[in-house]
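The following exercises are to be worked through with the sequence and the coordinates at hand. Each task is followed by a solution in steps.

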Amino acid sequence: MPATGLIRKYDSRALLMVTGQCAINCRYCFRRHFPYEDHRLSPEDRTQAIKTLSEDTRLNEVIFSGGDPLVANDRLLSAWAEALAAIPHIRRLRVHTRLPVVIPQRVTDSLIKWLSGSRLQAVVVIHVNHPAELDADTQRALERLKAAGITLLNQSVVLKGVNDNARVLAELSERLFECGVLPYYLHAFDPVAGAHHFEVSDNKARDLVRQLITLLPGFLVPRLVREIPGQSGKTPLDLFA
Ligand code: SF4
């Protein structure tokens, strides 16, 4: 499965670790203890990664991951995007990032230029857990991305005392939509050392999403999922189990 330390391939998608750094360090992050320093990119790694992606014609989407990929500078990211756009079978570039939410100034002209300027369809998946995170500055940053033709999705983590309440999650979905973002995933809590005070049971998470179905149109209800190492993509939780 893994092609190099930088790439994980899942069916038609390839996850590319463009940086090992994240500016946020959320306490509940399931990658909190991941040995990022062992996964630094060398120029040889990059050449090998592009070769690997070019040779596998099953792939149609590349996901920039990390850490947070927008910690890397726009020159580096633009070079990656340009190299990927030259691979005929790659159709989409997806960026998973929390930076537009916590540092909206990271949405620079040059970021928008490389992200929207290639032939690849661009998708940005942000990470917001509570509607209060979406202030006016963040809304402006998201609207700039949207105006540039970039599809915006959100993933959240269900956290005790933060968003383990259907009204809060419904308001989050409404506020995301006002900012041009569709709710995508609600992650069930993953046990992480030092974050047990955030723990929400799977049954409570299921109940929250069942309530959301009654409060929101279907397109504003996120899918309840869990990330299981080694699985192809996220694993949906059965709401009626
Ligand atoms: S922003 Fe994402 S990758 Fe960074 S610490 Fe938070 S959950 Fe982990």
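A residue is called buried when its relative accessible area is under 20%, exposed when it is over 50%, and partly exposed in between. The model is a predicted one.

**Exercise 1. Determine how strand S5 is covered and how it is paired.**

Step 1. Apply the cut-off to strand S5, residues 121–127: 6 of its 7 residues are buried, and the strand is mostly covered.

Step 2. Consider the pairing with S4. S4 and S5 run in the parallel sense, joined over 5 bridges. Within this pairing, Arg92 has Gln121 of S5 as its bridge partner.

Step 3. Consider the pairing with strand S6, residues 151–157. Here too the sense is parallel, over 5 bridges. Val125 has Leu153 of S6 as its bridge partner.

Step 4. Trace the connection. From S5 the chain passes through H5 to S6, and this β-α-β crossover is right-handed.

**Exercise 2. Explain why strand S3 counts as largely enclosed, and identify its partners.**

Step 1. Count the buried residues. In S3, residues 61–65, 5 of the 5 residues are buried, so the strand is largely enclosed by the rest of the structure.

Step 2. Separate the faces. In a regular strand, side chains alternate between the two faces of the sheet. In S3, Glu61, Ile63 and Ser65 are on one side, Val62 and Phe64 are on the other, and all are buried; both faces are therefore covered.

Step 3. List the partners. Strand S2, residues 13–17, is joined to S3 by 5 bridges in a parallel arrangement, with Arg13 opposite Glu61. Strand S4, residues 92–96, is joined to S3 by 4 bridges, also parallel, with Phe64 opposite Val95.

Step 4. Follow the chain from S3 to S4: the path leads through helix H2, residues 74–85, and the β-α-β crossover is right-handed.

**Exercise 3. Place these strands in the whole sheet and describe the chain.**

Step 1. Write the strand order. The open sheet is formed by 9 strands in the order S1-S2-S3-S4-S5-S6-S7-S8-S9, with mixed pairing. Its edge strands are S1 (7–10) and S9, each of which pairs on one side only.

Step 2. Take the inventory: the chain contains 7 helices and 9 strands. Its radius of gyration is 18 Å, close to the 18 Å given by the globule rule for 241 residues, so the chain is as compact as a globular protein of that length.

Step 3. Add the overall figures. Along the principal axes, the C-alpha atoms fill a box of roughly 50 × 35 × 30 Å. Of the 241 residues, 50% are buried. Among contacts between residues at least 6 apart in sequence, 82% join residues at least 24 apart.

**Exercise 4. Which residues surround the ligand, and what is notable about the backbone of Asn25?**

Step 1. List the shell: Cys22, Ile24, Asn25, Cys26, Cys29, Arg98 and His127 are around the ligand. By class, the shell comprises 4 nonpolar, 2 polar and 1 charged residues.

Step 2. Locate Asn25. This residue lies in the loop between S2 and helix H1 (43–55). With a relative accessible area of 61%, Asn25 is exposed.

Step 3. Examine the backbone. Most residues other than glycine have a negative phi, and most peptide bonds are trans. Asn25 has a positive phi near 60°.

Step 4. Look for further exceptions. Asp11, in the loop between S1 and S2, has a positive phi of about 55° although it is not a glycine. At 54% relative accessibility, Asp11 counts as exposed. The peptide bond from Gly66 to Gly67 is cis, with omega near 20°, and Gly67 is found in the loop between S3 and H2.

**Exercise 5. Classify Glu143 and Gln231 as buried, partly exposed or exposed.**

Step 1. Glu143 belongs to helix H5, residues 136–147. Its relative accessibility is 36%, so Glu143 counts as partly exposed.

Step 2. Beyond neighbours within four places in sequence, Glu143 is in contact with Glu178 and Cys179.

Step 3. Gln231 sits in the loop between strand S8 (223–226) and strand S9 (235–236). Its relative accessible area is 40%, so Gln231 is partly exposed.

Step 4. Gln231 and Pro131 are 100 residues apart in sequence, and their C-alpha atoms are 30 Å apart in space.

Notes: Residues are numbered from 1 along each chain as its sequence is written. This is a predicted model: local features need pLDDT of at least 70, side-chain atom pairs count only at pLDDT 80 or more; totals for chains, interfaces and linings use all residues. Side-chain values use heavy atoms; hydrogens and water are left out. A residue is near a molecule or strand if one of its heavy atoms lies within 4 Å of it. Ala, Val, Leu, Ile, Met, Phe, Trp, Tyr, Cys and Pro count as nonpolar, Asp, Glu, Lys and Arg as charged, and the others, Gly among them, as polar. Buried means under 20% relative accessible area, exposed over 50%, partly exposed in between (1.4 Å probe, protein chains only). Helices (H or I, at least four residues) and strands (E, at least two) are DSSP runs, numbered from the N terminus. Two strands pair if DSSP finds at least two bridges between them. A crossover is right-handed if, with the strands pointing away from the viewer, the path from the first strand over the helix to the second runs clockwise. The radius of gyration is taken over C-alpha atoms; the globule rule is 2.2 Å times the number of residues to the power 0.38. Contact means heavy atoms within 4.5 Å.
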